[in-house]
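Hi there,

Here is the structure I promised to pass on. Have a look at it first, and then read my notes underneath.

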Amino acid sequence: MEKFIQVKNVRKVYRMGDERVVALDNVSLDINKGEFVCFLGTSGSGKSTFLNMVAGLEKPTKGEIWIGKVPIHKLDEKRVTLFRQKNIGFIFQAYHLIPSMTALENVSLPLALRGIPKSKREPMAKKALELVGLKGYDARRPSQMSGGQQQRVGIARALVGKPKILFADEPTGNLDSHTTKEVMDLISSQVKMNGQTLILVTHDRSIAEYADKIVTISDGNIISVEDRTHNEEIIEKE
Ligand code: ADP
Ligand code: MG
């Protein structure tokens, strides 16, 4: 399998006045193309920090992050934004839809940011909404939809530009168990069908069961990596 994302000795320290918070201590990991990797850890373990770092939303204090041949840790704001627009989709716990926009407009937004004209992006967004089971919901605003429906819009928005990589931060954290299963079935089937790489973080063990690889993180360190495609523990640290 092709090594796709390389995280090398990444450390992230936040400074708040005199206080220092080590959010990530020293994290290294390789992720293959097309792999579904789940980061499992309790609140405060560094999951979101890790995701934000790999997505280029924050810079590591130390270490390197490579996506293909691109050094994410080195890119300036402008380049990293362009890289994200082209290659990355993000699914959030609280959906992060724009309240004043319809479902169709929300899903079209990443395409608009990439400069795709309205005549092209509308049919693409419509198709993405159909794909997530929301045919006929084009004109709904977020306040007119259930949590599960809003997250489907969020998934359609993340998928519409066919990004190579999808990030999901606690995507089912606001959903009941039935809707959680529906949303996870949808996310995992879509990424497999499109050959996309998915990095999902959660504190919920039942969600990790969908993944090819489960990475357990605690206090800013990876403590185990379980490769579920071979069903064996490949790293075990003290
Ligand atoms: P998780 O997503 O696993 O709940 P986070 O990555 O959000 O954990 O946080 C890891 C640690 O870093 C926590 O102790 C958190 O309080 C701290 N942290 C996260 N973001 C910031 C920030 N912007 N400033 C200061 N501390 C932060
Ligand atoms: Mg978090």
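Which helices and strands each supply at least two residues of the lining of the largest pocket? Keep in mind as you look that this is a predicted model. The elements to pick out are α2 (77-87), β6 (88-91), α3 (103-113) and α5 (147-159). Of these, α2 gives the largest share, with four residues.

As for the pocket itself, it holds about 480 Å³ of space. Its lining has 19 residues, and the ones closest to the centre are I88, G89, F90, P110 and L113. If you sort the lining by class, you get 10 nonpolar residues, five polar ones and four charged ones. In case you wonder how anyone finds a pocket, rolling a probe the size of a water molecule over the atoms shows where empty space is left.

Next, the second largest pocket, with about 200 Å³ of space. Here α4 (118-131) and α6 (177-194) each bring at least two residues to the lining. The most come from α4, which gives four. Try clicking through the lining residues: M124, K127, A128, L131, L159, V160, K162, Q190, M193, N194 and Q196. By class, they split into six nonpolar, three polar and two charged.

Now for ligand 1. What surrounds ligand 1? You'll find Y14, M16, V21 and A23 there, along with a run from T42 through S43, G44, S45, G46, K47 and S48 to T49. In terms of elements, β1 (3-16), β2 (19-32) and α1 (47-54) each put at least two residues into this shell, and the largest share, three residues, is from α1. The shell counts seven polar residues, four nonpolar and one charged.

Zoom in on the backbone here, and you can see some polar atoms facing the ligand's oxygens. A polar backbone atom of G44 sits 2.7 Å from an oxygen atom of ligand 1. For G46, the distance from a polar backbone atom to an oxygen of the ligand is 3.1 Å, and for S45 it is 3.2 Å. How much of ligand 1 does the protein cover? On its own, the ligand has 560 Å² of accessible area, and the protein covers 63% of that.

One last thing to look for is salt bridges. Side chains of opposite charge can pair when their charged atoms come close. How many salt bridges does the structure hold? There are 12. A nice one to start with joins the side chains of R11 and D25, with 2.8 Å from N to O. This pair links distant parts of the chain, as R11 is in strand β1 and D25 is in strand β2, 14 residues apart. You've already met both strands, since β1 and β2 each supply at least two residues of the shell around ligand 1.

Have fun exploring, and write back if anything is unclear!

Cheers

Note on methods
Residues numbered from 1 in each chain as written. Chains lettered and ligands numbered in written order. Predicted model: local features only at pLDDT ≥ 70, side-chain atom pairs only at ≥ 80, totals over all residues. Heavy atoms only, no water. 1 Å grid on protein atoms, 1.4 Å probe; cavity = no way out; pocket = protein on both sides within 12 Å on 5 of 7 lines; lining within 4 Å. Points joined across faces, edges and corners; volume = space filled by probe spheres on them. Nonpolar A, V, L, I, M, F, W, Y, C, P; charged D, E, K, R; others polar. Near = heavy atom within 4 Å. Polar contact = N/O pair within 3.5 Å; in protein donor to acceptor, adjacent residues only side chain to side chain. Areas by Shrake-Rupley, 256 points an atom, 1.4 Å probe, with all protein chains shown as cover. Salt bridge = Lys/Arg side-chain N within 4 Å of Asp/Glu carboxyl O.
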